[in-house]
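Reader: I would like to learn how to read a protein model. Could you walk me through one, step by step?

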Amino acid sequence: MTGSDEAAAAIVRLGRRLAAAGLVVGSGGNISLRCGADRILVTPSGSALDELAPADLVALDLDGSVRDADAGGLRPSSEAHMHLAAHRARPDTPVVVHVHPPYANLLVALGRPIRLITLDHAYYVRRIALVPFVQSGSEELGAAAASRLGEADVVVLAHHGCLVVAPDVGAAYERVANLEAAATATYRALLLGDQATVCPPEYLACIQAREAAAAGDVKET
Ligand SMILES: [Zn+2]
């Protein structure tokens, strides 16, 4: 199996997982994975994430040009601009996911902040950046979303969905799933009249201090 074969298989598995968990609606979602210094594999335009096949994936250079030998006649996702901008902005996170999770989408459209309430929400999502409405599929949306990736791995796009970056497909799934779980919990909290509850900030401070200490240990060895 080549690196591209493994990347394609990982995208197919992640697509099925996201769809099975109800984190996408219809064909509303796309995934890309960096598989080389200047190359990504991205899902094709109009594809449903639970019906992907490895041969459907489209190889692009980071400047957006399709690698003809690999293209197979399929066009890249209509949100390829956003994927390319995210990969250029964050070379440390090879997995990029864009989906339309229903509760996250609703709260953002209503102007209600998504609150990280449980330890899992805080651990996997960490921070959420917001991009006001920008036309879908445009280079402007890609630039606006990627510009927020310096401060967060999870960006929500008003009236549209989210952009999530991660170091591997497992972390990408957890981030998307916990974003939607946080949005669902926030929605239910609002129904109960709760306007402010969040995960205790000292939890995240403790986790970040542990991670910084662990990173220091690795550098010293
Ligand atoms: Zn979209």
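**A guided reading**

Author: Gladly! Let us start with one residue: Arg17 lies in helix H1, which spans residues 3–20. Keep in mind that this is a predicted model.

Reader: Is Arg17 buried, exposed or partly exposed?

Author: The idea is to count neighbours: a residue is buried if 20 or more other C-beta atoms lie within 10 Å of its own, and exposed if 12 or fewer do. Arg17 has 18 other C-beta atoms within 10 Å, so it is partly exposed. You can also locate Arg17 relative to another residue: its C-alpha atom is separated by 19 Å from that of Ser77, 60 residues apart along the chain.

Reader: What is the overall make-up of the chain?

Author: The chain has eight helices and seven strands. Its radius of gyration is 17 Å, close to the 17 Å that the globule rule gives for 221 residues, so the chain is as compact as a globular protein of that length. Along the principal axes, the C-alpha atoms fill a box of roughly 55 × 50 × 30 Å. Of the 221 residues, 41% are buried. Contacts tell you about the fold as well: among those between residues at least 6 apart in sequence, 67% join residues at least 24 apart.

Reader: How are the strands arranged in the sheet?

Author: Read a sheet from one edge to the other. Here the seven strands form an open sheet in the order E3-E2-E1-E4-E7-E6-E5, with mixed pairing. Strand E3 (58–61) and strand E5 (128–131) stand at the edges with a single partner strand each, so one side of each has no neighbour in the sheet. From one strand to the next, the twist averages 20°.

Reader: Which strands does E1 pair with?

Author: Strand E1 (residues 29–34) runs antiparallel to strand E4 (residues 95–99), and five bridges join them. Within E4, Val95 stands opposite Leu33. E1 also pairs with strand E2 (residues 39–42), in the antiparallel sense over three bridges. There, Ser32 has Val42 in E2 as its bridge partner. Four residues lie between the strands in the hairpin of E1 and E2, where Gly36 takes a positive phi near 150°. To continue towards the edge, follow E2 to E3: these run antiparallel and are joined by four bridges. Val42 has a bridge partner here too, Val58 in E3.

Reader: How many residues of helix H3 are buried?

Author: Helix H3 (residues 80–89) is mostly covered, with eight of its 10 residues buried. Among them are His81, His83 and His87, along with Met82 and Leu84. To see what covers a helix, look for the elements its buried residues contact. For H3 these include E1, E2, E3 and E4, as well as helix H6 (139–147) and strand E7 (161–166).

Reader: Which residues touch the most other members of the largest nonpolar core?

Author: In soluble globular proteins, nonpolar side chains tend to be buried together. The largest nonpolar core here has 62 residues, and Ile11, Leu41, Ala145, Cys162 and Val176 touch the most other members. Helix H7 (residues 169–191) gives the most to this core, with nine residues.

Reader: What does Val176 touch?

Author: Leaving out residues up to four places away in sequence, Val176 touches Leu18, Leu23, Val97, Val99, Pro101, Cys162 and Val164. Try finding Val176 in the view and tracing these contacts yourself.

Definitions and conventions:
Residues are numbered from 1 along each chain as its sequence is written. This is a predicted model: local features need pLDDT of at least 70, side-chain atom pairs count only at pLDDT 80 or more; totals for chains, interfaces and linings use all residues. A nonpolar core is a set of buried Ala, Val, Leu, Ile, Met, Phe, Trp, Tyr and Cys residues joined through C-beta atoms within 7 Å. Helices (H or I, at least four residues) and strands (E, at least two) are DSSP runs, numbered from the N terminus. Two residues are in contact if their C-beta atoms, placed from the backbone, lie within 7 Å. The radius of gyration is taken over C-alpha atoms; the globule rule is 2.2 Å times the number of residues to the power 0.38. Two strands pair if DSSP finds at least two bridges between them. Axes are lines fitted to C-alpha atoms, for helices over the stretch in contact, and angles run from 0 to 180 degrees between N-to-C directions.
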